[in-house]
Structure formats: C-alpha cells, structure tokens
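Please work through the following exercises with the sequence and the model at hand. Each task is followed by a solution in steps.

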Amino acid sequence: MPSVFIKTYGCQMNERDSEAVAAQLVAKGYSLAPSEAVADVVLLNTCSVRDMAEQKAIGKMQNIAADVRRHRPDVVLGFMGCMAQSRGQRLIDQLPDVDLVVGTQKFHRTADYLDEIFSGRREKIVETGAEQGSEGAIKEHILNGARQHAAPVTGFVSIMQGCNQYCTFCIVPYTRGEERSRTMADIVAECRELVRGGVKEITLLGQIVTSYGKRDIPARDGKSAFVQLLEAVHEIEGLERIRFTSPHPKGYGADLVEAYALLPKLCPSAHVPAQTGSDRILKAMHRGYTRARYLEIVRQLRRVQPAIGLTTDIIVGFPGETEEDFAETLSLVDEAQFDNAYLFKYSPRRDTPAATMPDQVPDALKEQRHARVLEEVNAIGLRRYAEQVGRKAEILVEGPSKKNPARLMGRTRCNKIVLFDGGPRHLGQLMVVNITRAGSFTLYGDPAG
Ligand code: SAM
C-alpha cells in the first residue's frame, strides 16, 4: 500500500481534519510517511483565513511539484481544506501537477478518491460539493501516532462544522459552509473512546463552539446546547480536563460563565476573540458585541475563576481603522490583561464585504500597528508569566519539548506551557510542579516532591 504525508496549515480544526484523514487512510492500509520526500501521496491541508496562508501552501506545492515529482513522477499531489474549497478547479489550472482537490465537506472521501486515481479510473479529481452529514465524518484518531514516546494524553474532538456568523472580514462561512452540529451522543461516544485509550484532556473544537446545537437542541434550565454538551462530557469517568476553542464572545451567557464555577474538569482558560477594542470597528466587522460587553465578560470570568488564562485574537488595520480606533484596541488589551494574543494584520479576502469597503489601511500602517500592539501584548504576557514564579501548578505532561527533547512539556490548567527535567515515568501524568522561572510565554518548573 502507498504511504501518505499530510502537511497542515492554519487552525486546530485543520489539524484535527488532517489527523482524521490520516487515520482513515491508515485504516485502509496506507502508512504515514515522515516527509514529502519519500511519500507516495502528498496532501496539503490548506487555510484561507489570510492571503499569506494561501500563498505559503501554493509555494509549497510548487516546490514539491518541482522537486518530488521530477524524481518520482507517480507521486499523487493533492490540496484539501479551505483553499481547496474556495479555489477548486482553478488550483489545477494554475498547478497542473496537482491531481486531487478535496473540499471541506469531502475529507472523509479522500481514500476513495485516491483509489480512483491509483486504479486509473480518474486522472484528476476536484470534489468540493456540499455533503449532508459530513460534520459527523471527522471522528477517527491516531492514538499512537506522532508522539512515539507515549500514547497521547490530549485529544481534540470536532463538535461541529461551518459558521453562520458572517463577520465582514472572514472567509470561513464561504469555505466551511453553514453551521452543522454533530449529535451530543456521537460526540460523547468519541470522547469516551479517547478516554478509554488513555486520553486525560479533551479539547472540543469548532469555528464557533458556543453556537453548538443552536438550531437542533433546545435550551434546558437556562443552559445552552453547548453548556449541556460540556456537562455531558464532564460526566465521563477518567477524563480529567476539558477545554474548548474557539468560542464567540456572544456565547458567554451566564450559563457558560457559571459552568467555569460548577464543572471542576473545565479548565480555567479561555480563548475569547476580541478582534478590536473600537465599537465603531466592531460594528463594521459585524461582531455583535460592544467593547463594554467584552470587558464585562472578562470581569465575569475572572470573578468565577480569578486565575483564568485568557487569550484573544486581534486584527489591526481593518478598513477605516483610525488612530483613535487603534488606541481603543491598545487600551482594551491593557484593560483585559491577556496572557497572550494572536495578532493579525487585516487581509482582504475575496467575496467578503470588508474587502471592498472604503479606506483600506496601507500595509506600512498595518505593520506599525501590529508591532505596537505586539509590544503591549509581550509586556503584559511577560509580567503575567513572571507572576507565576514561586507558585505551584498542576500540569498534564504531554511529551518531550519540541525544541529540546531532553526536557518534558506539560500544560497548566490555565493553559501555560511548563518545561521541566523529567523522566519517562512522568509522561502522561498529572503532577504538581514548582514554577522556578518564566521565559517568553513559557514557564520552567521542578517536580514538587
Ligand atoms: N471563532 C473565531 C471568532 O470568534 O471570530 C473565528 C476563528 S478565525 C478562523 C481565526 C482568526 O483569524 C479570527 O479570530 C481573526 O482574528 C483572524 N482572521 C479571520 N479573517 C481574517 C482576515 N481577513 N484578516 C486577518 N485576520 C483574520
């Protein structure tokens, strides 16, 4: 059977989709190749959120076509994911070496498409149609894949696909389609299976997880479908920690805030995308909340979980963003005191309303604002991480550190990475460490007794 290499761009949802496709192919007898240089099938799972991500994937495919195809003409090359969905046949027109283009609702059919190519039944395949039920097709896991040192202790579970939010900057509703949620029973069964395989921490994934089940599952006792799902997953014996990403600020009703107090397995950490601190720009982005409401959510979360780890997404240079608007973003970052933030320069995306709005911000100004807000985020992050020194923290040890495999890496409940000198007996353990030092968005620790 052939071997496959999948390279993933973009978000955790893409990582999860790639893992499921890889697991589906392994179940059919494929092996996983360590790199594109030796694989029989090379798939790039793409992201369209910003132009840079698309250009990276196209550049990578050009290099693979030039290097790999030249030496091994039978290698099958394919694009999957968001850019495959939005560009379809145009990718093959532009890069004739590409054999396969798999859209976001067709991931689970990748093995069938490869069969058709290998058997010669079809030469080139572009499949980007909508498919009912595809939200339930991302469920296979590779339980002893990438990290060979131990079975994984953390697992990611896709609870829904698509997005109905239609933020004016965002391409996701067009590439991922309408929101479609899996059934709660199906999700809980997948989580149980992971826990049976040794997983101790589960992250529930979706473009906007807080919208889970909105159309299909009625609120019960004032609890949204998403909070009901958290409660159902919380019941799983042997599961120690629950996380989710990413929520929408609109989803932080009293029920979700309260869940942080009532569900001990729900980790006190939240990635709550703010995007901007300016009410004028929030409105133009079609975000559906105000700056005051956002900061109220931050206060409410800190009231129930004072040490909660908070991160966010910020876009600088949205069309029409003035110095005053940008100053509001800086002051929001300052008021919210995020532990970390993902900062993006606004990237016009085709067919989104913001791409044709007047007063597009010049690149040089986006660059300046990005550097300015990065400085602020780094300064706050440094201080917040330094505050942890001298404290104890419970970590779940995930495996060797990526940069220095002699060290182990774990995560605190508030989602901060801790590196420490440990041994094989620590792998997969929940343990308490003394925090001895803080680096840039990393903590260093010593096993405590
Ligand atoms: N759940 C998130 C939310 O509340 O909007 C959406 C996840 S989105 C795929 C990830 C992040 O990419 C967004 O939060 C946003 O900051 C950034 N992003 C999306 N479109 C962008 C664009 N056109 N330019 C720059 N950044 C963008």
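The exercises below concern a predicted model and treat its ligand site, two sets of paired strands and one helix.

**Exercise 1. The ligand site**

Determine which residues come nearest to the ligand, and how much of the ligand's area the protein buries.

*Solution.*
Step 1. The ligand has 19 residues around it, and those that come nearest are Gln207, Ser246, Gln275, Arg287 and Asp313.
Step 2. Inspect the polar atoms. A polar side-chain atom of Asp313 is found 2.6 Å from a ligand oxygen atom. For Arg287, an N or O atom of the side chain is 2.7 Å from an oxygen atom of the ligand. Ser246 instead places a polar side-chain atom 2.8 Å from a nitrogen atom of the ligand. These distances fall within the 3.5 Å cut-off for a polar contact.
Step 3. Consider the cover. The ligand alone would expose 570 Å², of which the protein buries 93%.
Step 4. Assign the shell to elements and classes. Strand 13 (309-316) and strand 14 (340-345) are the elements that each contribute two or more residues. The shell is made up of nine nonpolar, five polar and five charged residues.

**Exercise 2. Strand 4 and its partner**

Establish whether the residues of strand 4 are buried or exposed, and in which direction strand 3 runs relative to strand 4.

*Solution.*
Step 1. In strand 4 (residues 76-80), five of the five residues are buried.
Step 2. Separate the two faces: Val76, Gly78 and Met80 point one way, while Leu77 and Phe79 point the other way. Residues on both faces are buried.
Step 3. Strand 3 (residues 41-46) is joined to strand 4 by five bridges, and the two run parallel. Within this pair, Asn45 has Met80 as its bridge partner.

**Exercise 3. The neighbours of strand 18**

Trace the strands that are joined to strand 18 and describe the turn that leads to strand 19.

*Solution.*
Step 1. Strand 15 (residues 392-400) and strand 18 (residues 430-439) run antiparallel and share five bridges; Ala393 is partnered by Val433.
Step 2. Strand 19 (residues 442-447) is also antiparallel to strand 18, with six bridges between them. Here Ile435 stands opposite Gly445.
Step 3. Strands 18 and 19 form a hairpin with two residues between them. In the turn, Phe441 has a positive phi of about 55°.

**Exercise 4. The packing of helix 9**

Identify the buried residues of helix 9 and the elements they pack against.

*Solution.*
Step 1. In helix 9 (residues 254-262), the buried residues are Asp255, Leu256, Val257, Ala259 and Tyr260.
Step 2. An α-helix has 3.6 residues a turn, so residues three or four places apart point the same way.
Step 3. The buried residues of helix 9 pack against helix 8 (225-234), helix 11 (291-304), strand 11 (241-245) and strand 12 (269-271).

Conventions: Residues are numbered from 1 along each chain as its sequence is written. This is a predicted model: local features need pLDDT of at least 70, side-chain atom pairs count only at pLDDT 80 or more; totals for chains, interfaces and linings use all residues. Side-chain values use heavy atoms; hydrogens and water are left out. Buried means under 20% relative accessible area, exposed over 50%, partly exposed in between (1.4 Å probe, protein chains only). Helices (H or I, at least four residues) and strands (E, at least two) are DSSP runs, numbered from the N terminus. Contact means heavy atoms within 4.5 Å. Two strands pair if DSSP finds at least two bridges between them. A residue is near a molecule or strand if one of its heavy atoms lies within 4 Å of it. A polar contact is a pair of N or O atoms within 3.5 Å; within protein, one must be able to donate a hydrogen and the other to accept it, and residues adjacent in sequence count only if both atoms are side-chain atoms. Accessible areas come from the Shrake-Rupley method with a 1.4 Å probe; for residues, only the protein chains shown count as cover. Ala, Val, Leu, Ile, Met, Phe, Trp, Tyr, Cys and Pro count as nonpolar, Asp, Glu, Lys and Arg as charged, and the others, Gly among them, as polar.
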